[in-house]
Amino acid sequence: MRPAFGVLILTLCSSLVASLPSPGYRVKESVAPPRGWTKGDEPAADHLIVLRIGLPQPNFNVLEQHLFEVSDPDHTRYGQYLSKEKVEELVAPHPSSLEAVNKWLASYGLEEADLARSPAQDWVTIKVPVKTVEKMLDTKYNVWKHTASGDVLVRTTSYSLPAELYDHIDVIQPTTMFGRLKTAKSTIVWNDDEQLSSATAKVGTITDTASGAVVDASCNRTITIKCLQQLYNAEGYTPSPEVKNSIGITGYLEQFANIQDLQSFYADQRPDALNTSFNFVSVNGGINDQNLTLSGAEAALDVQFAFGLSYPINGTFWSTAGRPPFEPDTTTPTNTNEPYVDWLDFVLAQKEVPLSISTSYGDDEQTVPRSYALRACAGFAQLGVRGVSVIFSSGDFGVGDGNADPATQECFTNDGRNATRFIPVFPATVTSVGGTQSVPEVAVSRFYSGGGFSDYFPRPLYQEIAVRKFLSTLPKGHYKDLYNPHGRGFPDVAAQGDRYRIFLRGVPRSIGGTSASSPTFAGIVALLNDHRLRSHRPPLGFLNPLLYTRGLSGFNDITVGKNPGCGTQGFNATAGWDPVTGLGTPNFGKLKDLL
């Protein structure tokens, strides 16, 4: 039911009045009260907030130009990545911005010893009571509760800055961000009804008609390392331990990667890797609890398949602290930021970074303020220009909520209009991986491969031909106003996403989600990097410009399936790129010769 026109006008006017700044201040950012969240009491005045202040990066356009040049296989600078120091030089703020921000902070009694700065000084982090933050930003914070999950955040819907400071700050958080970092939209799908007595319960072989791969028949029931090697033409390839290659997995939300489970997995599927492990790195106080009963399903899936597929390539698992819910009755400085930006801060400060990195966590794009989204993606770009491949799962709810029923769908805009619209995932500017199933491969159907078009980021030039071709196949007016036809399309690629056999808390389990597809694709990228490094060529770095040009013929095109959601049947998998399975699944044998 639509609200009465007068009520709507009253609501909008009330929001406008509430966001009017004090004299001498200008509103920096304002959002509508987010759907699904309930505004509660004010937090305790001495509640501590870890506030991140992003200063403008006036030369970021230069860094972006470098990124596309070193990532373009037809450019003379292809593979000529920048050093950490050069990247920091390019993202450093102007001295006038540093001076203005320092003066502002000093006016609240904050000295240099109270500040934490990023190496490029483009981020400043402070820890101050909420009552001080409210004065600094001319705002009021409240405790907000997410109705469905019970998650609690301390947030505001608007903040302002002194007029003379307005152009010297890009973004400040946590303020208006109501994102809820989760495992690719809670993508873990269990098969508890199945008895997994053996990884090879079915005998015989199947031929994948798209790729020509001959695969064990058991792979239609259970996905193992051997299945992936057969499907993606990597069987028999052994990486060299002598080249300086590496792969990384990000861990959040207290997902612990258990080494005993990893050894059980290796004994089952990769016996040559037995008694080997990975490098554990704590970020912002992330812990490494090896209690078997606390082993995390997401972490187990990620490390077992990424490191199992790429063995003996050096592996790293980062554990980043920070997860909801926050308890508002304590003054402990709980981290209520999106922890993947804490991870970004940490990893960008490192001299050496793993060359292929998989993340199986994300947000709905509309819950991430545009200013914050731009800065986070600027961080991913900094990794790309240093030669790192950043890979994310595309989510498991099709074009939004995975629900094709118009009567019960829950895809509504967060801008106060509550209009029905597809919900793209964030981030979509990296290499995004969708999901497939079965042999021959089709789009996954027990859940739906996340896919669609960004509302924040325009379609990049490297994607123009492939995406325009897909859009030309849609009937005129199809899904009008439900998506942005000019936006960045995702996913870019796909991989098997269901019925993976992992070991969790000492027993085999079957598990699914595009959170399986991403570490699988990252493992294939690590193998490709091995092939390049052996021949004294640079790693692949930011993949997308390469994938949409020289790499096109190295993918198995997936043409069957769809990704329902938002009361629709979603998009269809079709010949060429599509917003269900991207360009398709990788053929390692072909790609290593092409790239």
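Colour the protein chain by pLDDT, the predictor's confidence in each residue, from 0 to 100; its mean here is 90, and 90% of the residues reach 70 or more. This is a predicted model, in which local features need pLDDT of at least 70, side-chain atom pairs count only at pLDDT 80 or more, and totals for chains, interfaces and linings use all residues. Residues are numbered from 1 along each chain as its sequence is written, and side-chain values use heavy atoms, with hydrogens and water left out.

Select residues 1-18 next, where pLDDT stays under 50 and the model has zero contacts (heavy atoms within 4.5 Å) beyond four places in sequence. Residues 324-337 also stay under 50, but for them the model has 33 such contacts. Where pLDDT is low, the predicted coordinates should not be read in detail.

Now select strands S2, S6 and S7 (strands being DSSP runs of E, at least two residues, and helices runs of H or I, at least four, both numbered from the N terminus). They form an open sheet in the order S2-S6-S7 with antiparallel pairing, where two strands pair if DSSP finds at least two bridges between them. S2 (37-39) and S7 (152-155) stand at the edges with a single partner strand each, so one side of each is left without a neighbour in the sheet. Three bridges join S2 to S6 (residues 142-146), and Lys39 stands opposite Trp144 in S6.

Finally, show helix H9 (residues 339-348) with helix H10 (residues 370-385). Among the residues that meet there are Trp343 and Leu344 in H9 and Tyr372 and Phe380 in H10.

Methods: Axes are lines fitted to C-alpha atoms, for helices over the stretch in contact, and angles run from 0 to 180 degrees between N-to-C directions.
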